[in-house]
Every structure is written in structure tokens, then in C-alpha cells.
Amino acid sequence: MKKFLFVLTILILPVLLFAQEKEINPLYTLPKVSSDGKESVTTQAVSKGDSNKPILATESGIYRVINSKTIYPLWTDGKAKQILRIEKPQAQNKAVEVFYFVTSKGILFSKDLKTFESKNEGLPVLTIKKYDGKNTTFEKQVADIKDISFNPEKPEQMVCATKDKVYISENGGETWTYFSAPKSGSSGLKAVAVATIHSKKNDGTEVTEDYVFCSHSTYGFYYGKVSAKTLTNITSGLAGTDPNVGSDEVSDILPILCRGEDGNVYTEIFLAQTFIPRIYRLDFKQKKCICVYKGKEPADTIDGLYLADSSIVYMSPKNICAYNISAGGEAKQVEKFNSLKRISELSPSPVFAAWIPSGDSGYSNGIVLNELWMINSDTVSSQFADKISNQKSLYIPAYQASLPNGIEKFKKIILDNKLNSLVIDMKDDYGLLRYESKDPLVMKKAKTSQYALDIDKFISEFKKDDIYLIARIVAFKDRNLSKYANGKYAVWNKNTNRPWIGTRGYETDDEGNKYMTYYDENWVDPYCPEVWEYDVAIAKELIARGFDEIQFDYIRFPTDGTNLSSAQYKWQSPGMDKESALISFLSYARENINAPIGIDIYGANGWYRTAARTGQDVETLAEFVDVICPMFYPSHFENKFLNYEPYEERPYRIYYYGTYRNTIIARNKVVVRPWIQTFFLNVPYDRQYYDKAYVRKEMFGVRDSVDRGYMHWNNAGNYSKLSPDPADAKYDGKAYEAKPEFRKPAIGAKDKSKGSHSSLLENEAKSRIPLWDSVFNLYNENL
């Protein structure tokens, strides 16, 4: 998610140009800067440690690249996802090179790449509950850091962001203090930066002020004075995917030091967007973002901005590009792309960032590549990637499958429509089992539906046709378990001292009497380890009996009810919140289920980088699961959402952009397999457009976006509007995004010669990892 600014002067910055599809037109002119060959803003002699060789930040730690086949571990106590390199001024006109790493242990600092110090004082801590079946323990971990940056004029001044708060340090990360937030308690922060802005009053008096900049997925782009600790929104100039909604997420913010003709130093702010290919310069005086580069793809990503010579280097799907600030025009692939890609593929685990020294970068100085996972955006990093990809599923109502001709009916629908998998409830929305369990723990607490399947026959019949079986388990919405042992596991109503049920509000009967109505939902406590144990025991049994994958639905907190404020979680431990509850549950599930795990999420939680209301933070949950299934149902979005000409293409657009966005947010750690709306809902858009073509457009949207599978949902099992999987068929709709000149799929086509990341790593590790033990000496100064 970052830049890793390089503090240097842009000596010549003439007219910046805006790349249009057919011609290049001048967009704006930067203030004139010196062209007389003056030295860089930083003229110190830089003392470098062991950074003369590439450094990789990976899923399994931090590594130094030794040669074209070998890497050496520097730190392996967790995962590392971001690198920040700073040249800190020292005495006698010298500077020293230091590194900061964003890791699963928080922020690490190193000045020699041999010792690593934690720099987490003042940052928030999550409490994670651990359960081994008998005992409950707790682990403290630093909240996930979304981004980190420093002030190029004041390297000791730094900022970082968690999901919902911005923190600032004035002493190089030794201590952090809370700065502000776009909206208190609202997750969705993506990027953060800090810079000194030089401006002049009307009377010519120069004003120098430090400012923090940040971006939020749903609330936009912000700035605020360090001295004031408040944030103000900037909306002018930023583009959006949906013209009816407004600007889209800013992916990264890059302060760049410049020197004017008068020799004075000043800072320019550049920024990019996550889901549409735009680079902007911030006109700070006008508080307006001015587009300097526009890519041609409708769905694309520009992230990980870094200044190299006079170019902004950035990551995009399957590419590392550079946009020349001085020359403008088109962005181009960096000259050393192939060698950089080879370096990124040396790791035995997914790579998220790299420091590339000047000798390997192709630039006069080294570069930092963050969001480096995008270079392999065609590859899913799950250990089950080969198994879970390209599953095209049909939801089967369990009660219909239990009928005499149920199995044959749905098998025919699957095969006739060129599908290859199914989803069926094994624990339904009321907590009833749809099979006869043999597990003692499950049998003690469960209630079995009268429509239970002969599960062994069901599995056997579908396996005859190699149909992939997904067991849906409704996790925390469970009427049966909420009533067990006098509500031992229920979400509690602190006002009535009874199990909590969401209230809809009052209605009036025929006699004029008011009465309270309730949602048909009963919830169990997501903080409770015994609830986790019960759900996971069901999952383990189903895998043992022949299912291929587990899908947890309602893995969230209740969201509906005028009495939500009275909901109490008796199993909540001090220091835990919704996010840590879901992390704790999924961590327990991951440790105990040796099979693919999927989760269903709201469409909004897949569209935006937010855990609003539900606790479903895709970035976080992707660490523990293999499949994420967003419900991008057009009927569930506001009627105006992506609703523009040609209006009939709205279903295509929603699934095209939604699947891409969710995959980018999850950083390709999971397969995004969306639920297709194969049902009618009585809303204005569906009343006008729902038909067979509507459903087909949704399928094409998924295919043209990421193409890793989908699932059809119809709660009643009515698939009269279903069409066969489109495979490679030409799309005959009018959607702009479907034009043949655009990249298909949008995330990047898979290299046919390349296997999954898991299989690649397995083969590479055989020849590489043994070298660590046989060749390396920890005290060898040449490493």
C-alpha cells in the first residue's frame, strides 16, 4: 500500500501531459523549477548497511536475495507486507540508511538488516482468544497496520494507519500518538502520508505547516494540520467507478520534494486510485486533485507509488510501470521488469514488497516495490488454489434434495448448465442439521431437521459425476444453539435479561392495539469458544464424510434491530472487539479444518474496504480462509447504484467491478467466488429487467473480471432463468467494460505455462531451501 518516498529533487518538471485514448493534450503546468543542474535536495553521503542486495518482505518473513537462485532469511517471526526506506540526516552532512517493515508483529525497525526492533509503543493492540478444546488463553497483537510513511523534509516525523485511526510519531517511530480519523470507529483506511507544505499568504508572507494526508475507502481523501489534529475532506477532481456515487478509493499518497528556481525546497503531493487507473497531483491551494495520467482499462489498479529519477514507479496487475512526470504521456512497463519479476519469484512464500538497489532497479537509485503481490495477480496464494479455482456452483435447498427425485433433479440442472459443483445446507438458518451426525459433541447439542438427507447416498451420487461438494454451515445465526442450556450461548439482552432478538418496531392490529414485531433471527455469541468448537466439529465431520469444502455463512454479528444497543455479548473478553472475535474464530477453524474454508459476506463488505456493521473485514479475514463469497445481488444495492446507460447492463457492471474490487482488497490470498442473483426481488430494477439475460450478464461480468468461479443462489431452488456457463463465448451485450480491447480477465490472464502458487513454491523450494543450511554462515559479512 505504499510508496516509499525517495527524497530527491525533480530538476526539470515541464508541462505534465494527460494520456487520452487517441491524443495527448496538455493538462496543467507545474510551477517552474530549476533546470541549471543543481544538486539533489539530499546531498549527504549515505551510509548503507546490507542493502546493496534486494530485500524481500514475504508471507514467511524478511529475506535478502543472494543471487539468482538463493535467498537468505533475515527475520522469520511472522509475515512482512510493506517496506519503508529512509535516509536519515546525520552530522557532518552525512546520512544513514534505515528500514521500517510493516509486519504481523507490528512495525519493525532495522539500521543494519541484522537486528530488528519493535516500534509499536502507543499503537492499539488486539486481544485474540485461543482455544485448544479445554483451555482458553489470550494473545496480544498489534492491530493491523494498513500503511506507513514519513515526512521527506523531516524524516523523524512519521505517520501510520490502522483500519480506522491515524497515528503520528515525531521521533522516528519510538512512540506513536493518536492523530485523528475520517470518521470515528469506521474501518476503511487505506493510505497515509505526512509532508511539510510551503505556501504564501496574500501579503506574500511564507507559511510553513506540516500536514497529514489519508484516504478512506468509503469517506474519501483527507488532509489536516498536524498541529490541529483534525481532518478535512477533499473531493474535487477525483474520479469514481460509479458516476452516481462520487469519487473512488485513493490507493496511495506520495509526497515528492522539489526545488524551485529560487533554490527553495517545496513538496508536491501525488496520489493514485485503487480500482481505476488514475494518477493525480494535488493542487493544495485550490484543494483539488488534478488528473495527470489516465489508464485505458475500465478496471485497473495503481498502487505502491515510489519516485525513481523523474518517474513514479507503481504496481498494477501483472505489471510494474513507470509514469514519467516530466514527459507525461503513457505509462510504460519498467525496463527491468523481467529481472524484477524473477527476483520476486525467489521466495518460498508470496512476496508483498521488495527493496531493489540501484544496480538491479534500472534507475540511478534503488526503488521500493510495495503491493508486489500484483506482479502475480493471476495466481491465488491459498494452499488449496488448484482445488478451489473455477468452481461453478448451484445452491440446492436441502429439503428438496431429500425428496425422492431431488438428487436427479439437481444433478441434471448442474450438468445441463455446465456447472461442476454444488452448495447445500448442512446446518441451516435455524441451526438445524440436515444430516444425521455421529459426532458425540455435535449430537449432544444439535437438533436434526425432519428433512435430513441420507448424506452418504447424497455424496456418493454426486461424486459419480465428479461434482465438487460444498457444505454450507450457518455459523452465528442459530436458533437451536441459542436456546441450549437456558441460553448459555445466546447473544443476551441486557435490558430484559433474556436472549436477544432484533425488534422491527410496533405494528397495529385490527382493534388498534400496538404490538412489537421481531426479526426471525436468533443469534449465538461469536466470542464464545464453545460455539466455535461446535461449528468446527460439524465441519470436520462433513469433510471426513466426503464434502470437499466448508462454507461458513452468517459469520458476522447481528445487524438488524431497533434494539441493537441492548445486545450484550457475555463471552466477550476485555480488549476484544468484533474484528478480534472473527479472527479468533477463523484462526481456530483454520487450525482444525484440513480443507478449503469459504465465508459468505455482504456485497458492501466486498465492494468497499470496510467491516462496517458486520465485522467482516476482507483484508483481515483473507488471512484465514481460502474462498470469499460476496453477495453482489443487484437487488440489494440502491436502485441508482451503477444504474446508467445502457441500463440493462447494470448486472454485468456490478459483478465485473465487484469481483475485481474484492480480489484486489483480498490481495489474491483467496478465490473470490461471488453469489449470482438467480432470483427475483420485488424492487424497481428487477421489476423492469429481471429475466434470463439478467442472470447471464452477471455470469459474464464475473468471467470478464476475475474468472475463478461463481455460485447461483435461489432459495426456492427455482432455476428457470438459468443459462449454461458462458465459458469462452462472446458477450453480446452493450457493456462498455466488455469491449474486446480491454484486458480479460481484468485481474490478468493466467500464464498457461505456470501452475498455482502453491505448486510453484513446492517445486522451487526443493532446489532452494536446502541451500540455507548448507551454504550460509550467519556471520559471513558478504551475505
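**Figure 1. Strand S33 is covered on both of its faces.** In this predicted model, strand S33 takes in residues 468-474, and seven of its seven residues are buried. On one side sit Tyr468, Ile470, Arg472 and Val474, while Leu469, Ala471 and Ile473 sit on the other. Which strands does S33 pair with? S32 is one of them: six bridges join S32 to S33, and the two run parallel. One place to see this pairing is Val423, whose bridge partner in S33 is Ile470. S38 is another partner of S33, again in the parallel sense, over five bridges. Here you can look for Val474, which has Asp553 of S38 as its bridge partner.

**Figure 2. Asp425 makes polar contacts from a buried position in strand S32.** Strand S32 covers residues 421-427, and Asp425 is found in it. Is Asp425 buried or exposed? Its relative accessibility is 7%, so Asp425 counts as buried. The side chain of Asp425 meets the side chain of Tyr395 in a polar contact at 2.8 Å. A polar contact at 2.6 Å links the side chain of Asp425 to that of Arg472. Arg472 is also one of the buried residues of S33 shown in the first view. Leaving aside residues up to four places away in sequence, Asp425 touches Tyr395, Ile396, Ala398, Arg434 and Arg472.

**Figure 3. Helix H10 is largely enclosed by the rest of the structure.** This helix spans residues 578-592. How far apart should its ends be, given 1.5 Å a residue? For 15 residues the span should be 21 Å, and the end C-alpha atoms of H10 are 22 Å apart, which agrees. Eleven of the 15 residues are buried, so H10 is largely enclosed. Follow the helix along and you will meet the buried ones: Glu579, Ser580, Ala581, Leu582, Ile583, Ser584, Phe585, Leu586, Ser587, Tyr588 and Ala589. An α-helix has 3.6 residues a turn, so residues three or four places apart point the same way. What covers the buried residues of H10? The cover includes strand S11 (125-131), helix H9 (529-544), strand S38 (549-553), strand S40 (597-602) and helix H12 (618-621). At the N-terminal end, Asp577 acts as a cap, with a side-chain oxygen 3.2 Å from the backbone nitrogen of Glu579.

**Figure 4. Ser215 is a buried residue of strand S18.** The strand runs over residues 206-216. With 0% relative accessibility, Ser215 counts as buried. What does the side chain of Ser215 reach? It is the backbone oxygen of Val250, at 2.8 Å. Val250 is among the residues that Ser215 touches when those up to four places away in sequence are not counted; the others are Gly188, Leu189, Lys190, Ala191, Gly220, Phe221 and Ile253. Lys190 is 25 residues from Ser215 along the chain, yet their C-alpha atoms are separated by 5.6 Å.

**Figure 5. Strands S35, S34 and S39 form an open sheet.** The three strands follow the order S35-S34-S39, and their pairing is antiparallel. Strand S35 (498-499) and strand S39 (567-568) stand at the edges with a single partner strand each, so one side of each has no neighbour in the sheet. Two bridges hold the antiparallel pairing of S34 and S35. To find this pairing, look for Asn493, whose bridge partner in S35 is Arg498.

**Figure 6. Two loops each hold a residue with positive phi.** Most residues other than glycine have a negative phi, and most peptide bonds are trans. Ala485 has a phi near 50° and lies in the loop between helix H8 (479-482) and strand S34 (492-493). Its relative accessible area is 44%, so Ala485 is partly exposed. For Arg667, phi is about 55°. Arg667 lies in the loop between H13 and strand S42 (671-672), and with 12% relative accessibility it counts as buried.

**Figure 7. Cis peptide bonds lead into Pro646 and Pro745.** The bond from Glu645 to Pro646 is cis, with omega near -10°. Pro646 belongs to the loop between strand S41 (627-631) and helix H13 (650-665). Lys744 and Pro745 are also joined by a cis peptide bond, with omega about -10°. Look for Pro745 in the loop between strand S44 (709-713) and helix H16 (757-768).

Definitions and conventions:
Residues numbered from 1 in each chain as written. Predicted model: local features only at pLDDT ≥ 70, side-chain atom pairs only at ≥ 80, totals over all residues. Heavy atoms only, no water. Helix = DSSP H or I, 4+ residues; strand = E, 2+ residues; numbered from the N terminus. Expected span 1.5 Å × (residues − 1). Buried < 20%, exposed > 50% of the residue type's maximum accessible area, 1.4 Å probe, protein only. Contact = heavy atoms within 4.5 Å. Polar contact = N/O pair within 3.5 Å; in protein donor to acceptor, adjacent residues only side chain to side chain. Pairing = 2+ DSSP bridges.
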